[in-house]
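Here is a set of short exercises, each followed by a worked solution. Keep the structure open beside you and try each task before reading on.

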Amino acid sequence: MEHAATLNQIELFEPLLSGVTQVHSAVIPVAKEAPVDAAKRRIRQIILDGHGTVCAYSGGKDSSALASLLLDVATEMLQEGLFVTPIIMVHSNTGVENPETSALAIDELKKMKAYAIARGIDLDVRVGKPTLNSAFPARVIGGRGLPSFPDNGSSCSTDWKVAVNTRLVKQAFKALGNSPDLKAPVIMTGVRQSESGVRDRRIATRGEVAEGLWTNDHGHLRASPILDWSTDDVWEYLGLCSAGVYDSYSDFSDVMQIYRSAGGSSCVVVADMKLAQRSTGCSARTGCWTCVKMKNDKSMESMIETEPERYGYMRPLSAVRDFISLTQYDWSRRQFVGRTIDENGTLAIQADTYSPNMLMELLGYCLTAQIESGVQIIDYQSLVAIDARWSLYGFHPPFSALKLFFQIEDEGLRMHPPKLARFPKTDVPRLGRLFVGAQWSEQGGPLHGLRNVAREMHAESCGLEMKVLTSGNIVIDDEADDGVDVDLEGATDFVEFFGREMVGKYCNATSSDWTHGYMTYLTYGTISVSKGKSRQVDEILRRTQWRQENGLHGQVDIEALKSRLDSQACAAPHFEAPELEVA
């Protein structure tokens, strides 16, 4: 681009007003720097200064534009014979992203890698995902916590995106920090101003700038090369890349198709404007298919309605999502026996996380949706994590999750969410508190909890070790140094080779010890106790065993609970536990 003044002159007389700079009495016209030129100049300077770059890529239009600009600048610099510092592209996959968006991101990352190899760019692509226990299957279906509804926080954003990106960045910084020839790495993001008032306030609070570098709360260097771009600037750039005007790793036709379909318009810009008005709870244009932060997933609904032949496979996912959203205030689907015993030895009896029956329903609906949509929701690792947790907390008899899995996979059982009206918002039912004392901690004597007599008899030959907890209890030492909870290969082998046998032997409501499933997984080495968690697991096992002895395990009848409360218990309405809908 031709400029009436040099770059140094432009910088010297900033800020520019109305495109002119006045020196003494003379007026020198200055051509405004084009958005693409400004962004490429900013990126080039960071590389010239010797910083390795970590670029955050989500698959959306802004991160796509930034990734393209970064790789284009790297290509130009290599062609000029200049040294280009390493680039690490990081992407977080929640595991439950809209499947079209997820597939798009992976395909585009492959294109980036091919582009970089062809041009000699040192590009490392890294994809992260949530930890097993924080991911949707183990967290929600396993009974650890509720989905992120509109009024109960956004732990999903923290666990599935922020924590994953933080881990990826930390790993990337470590990799780039091993080179003595590089300056401190810089994190580049495609954040832009004027997208929303909330985002602008966050940008101002963080002190983000388009020119040069800024530092975040963790002391990391950050760059926002397209911070001052408008939405039109982004789409114009991607369009010119698609037309071949700018060199790029992609023509972005798939990116544009996603926006058009999700926004329900043939014009990508109009579609994007529609999406901006109804974005998800975390501001994503097309978020996770499980997201219930909003009452309706308009983007997925629009995709299915506008192009049913192409996107109709997502209907089962949409049905599960809607069921979760519609039943938020259906208190009959909640667990009423609290998990925490207070200092007075009492348990809260009130609607809390999902009930055992609801967890079984969700597993059945998701396994069915997995088959009918072709989208993987629950792999063997997640299935074992769910099954082990159900056993650990006494939600269901041993290997109940495996039993349902085999019924659906082998026997053709199909479970579909019922069509329901939205339950109106009502206050959380609080029935009172139940006194349990400290009896649970002594449940069964010294050989209960995290103990296995059969294994301990052969401890010397099988290398089993024991440890003494601060509580004084002796337990099996099954802690893993790496903190891995479920071994992927071990989970596959257990389900395939031992699962049906275990279901046949132990999966019945009359089982004397519902924690047997958890202990079996430990015995087979399929799961391990995270480092430092032996005492916690021992206490949970003892508490569950005590609950089973006292009829507080599994799906507990509400009326039976009310009759056991003390005289201070609050009156509460009657709830019938729903029967499983099987089709």
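Surface patches here are made of residues with over 30% relative accessible area and no salt bridge, where like charges are joined within 9 Å and nonpolar side chains (Val, Leu, Ile, Met, Phe, Trp, Tyr) within 5 Å. This is a predicted model, in which local features need pLDDT of at least 70 and side-chain atom pairs count only at pLDDT 80 or more, while totals for chains, interfaces and linings use all residues. Residues are numbered from 1 along each chain as its sequence is written, and side-chain values use heavy atoms, with hydrogens and water left out.

**Exercise 1. A patch on the surface**

Find which residues make a nonpolar surface patch of about 330 Å².

Solution. Step one: the patch is made by Phe497, Phe498 and Tyr524. Accessible areas come from the Shrake-Rupley method with a 1.4 Å probe, and for residues only the protein chains shown count as cover. Step two: place Phe498, which lies in helix H19 (residues 488-506). Helices (H or I, at least four residues) and strands (E, at least two) are DSSP runs, numbered from the N terminus. Step three: with a relative accessible area of 30%, Phe498 is partly exposed. On this scale buried means under 20% relative accessible area, exposed over 50%, and partly exposed in between (1.4 Å probe, protein chains only).

**Exercise 2. The whole chain**

Work out how many helices and strands the protein chain has, and what share of its residues count as buried.

Solution. Start with the elements: there are 22 helices and 15 strands. Next, 52% of the 583 residues count as buried. The accessible surface comes to about 26800 Å², and 51% of that belongs to carbon and sulfur atoms. Finally, take contacts (heavy atoms within 4.5 Å): among those between residues at least 6 apart in sequence, 73% join residues at least 24 apart.

**Exercise 3. Two helix pairs**

Determine how H15 and H20 cross, and at what angle H3 and H4 pack.

Solution. Axes are lines fitted to C-alpha atoms, for helices over the stretch in contact, and angles run from 0 to 180 degrees between N-to-C directions. Angles under 35 degrees count as roughly parallel, over 145 as roughly antiparallel, 65 to 115 as roughly perpendicular and the rest as oblique.

- First pair: the axes of helix H15 (residues 380-392) and helix H20 (residues 516-523) come within 6 Å and cross at roughly 130°. H15 is therefore oblique to H20. In H15, Val384, Asp387, Ala388, Ser391 and Leu392 meet His516, Gly517, Tyr518 and Tyr521 in H20.
- Second pair: H3 and helix H4 (residues 99-119) have axes 11 Å apart and pack at an angle of about 5°. H3 is therefore roughly parallel to H4. The residues that meet are Ala67, Leu71, Asp72, Thr75 and Leu78 in H3 and Met112, Tyr115 and Arg119 in H4.

**Exercise 4. Salt bridges**

Count the salt bridges, taking one as a side-chain nitrogen of Lys or Arg within 4 Å of a carboxyl oxygen of Asp or Glu. Then look at a few pairs in detail.

Solution. The count comes to 23 salt bridges.

1. Glu80 pairs with Arg44, the closest N and O atoms being 2.9 Å apart. Glu80 lies in the loop between helix H3 (61-79) and strand S4 (87-92) and Arg44 in helix H2 (residues 35-48), so the bridge ties together parts that are 36 residues apart in sequence. Glu80 is partly exposed at 47% relative accessibility, and Arg44 is partly exposed at 22%.
2. Lys61 bridges to Asp62 with the closest N and O atoms 3.9 Å apart; Lys61 and Asp62 are buried.
3. Arg433 and Asp342 meet at 3.2 Å, N to O. Arg433 lies in strand S11 (residues 430-435) and Asp342 in the loop between strand S9 (337-341) and strand S10 (346-350), so this pair ties together parts that are 91 residues apart in sequence. Arg433 is partly exposed, with a relative accessible area of 35%, as is Asp342, with 22%.
4. Glu33, Arg41, Arg42, Glu211 and Asp228 are joined into one network by salt bridges that share partners.

**Exercise 5. Backbone signs**

Decide whether phi is positive or negative at Phe252 and at Phe399.

Solution. Most residues other than glycine have a negative phi. Phe252, however, has a positive phi of about 60°. Phe252 lies in the loop between helix H8 (231-242) and helix H9 (253-263) and is buried, with a relative accessible area of 0%. Phe399 has a positive phi of about 65°. Phe399 sits in the loop between H15 and helix H16 (400-409) and counts as buried at 1% relative accessibility.
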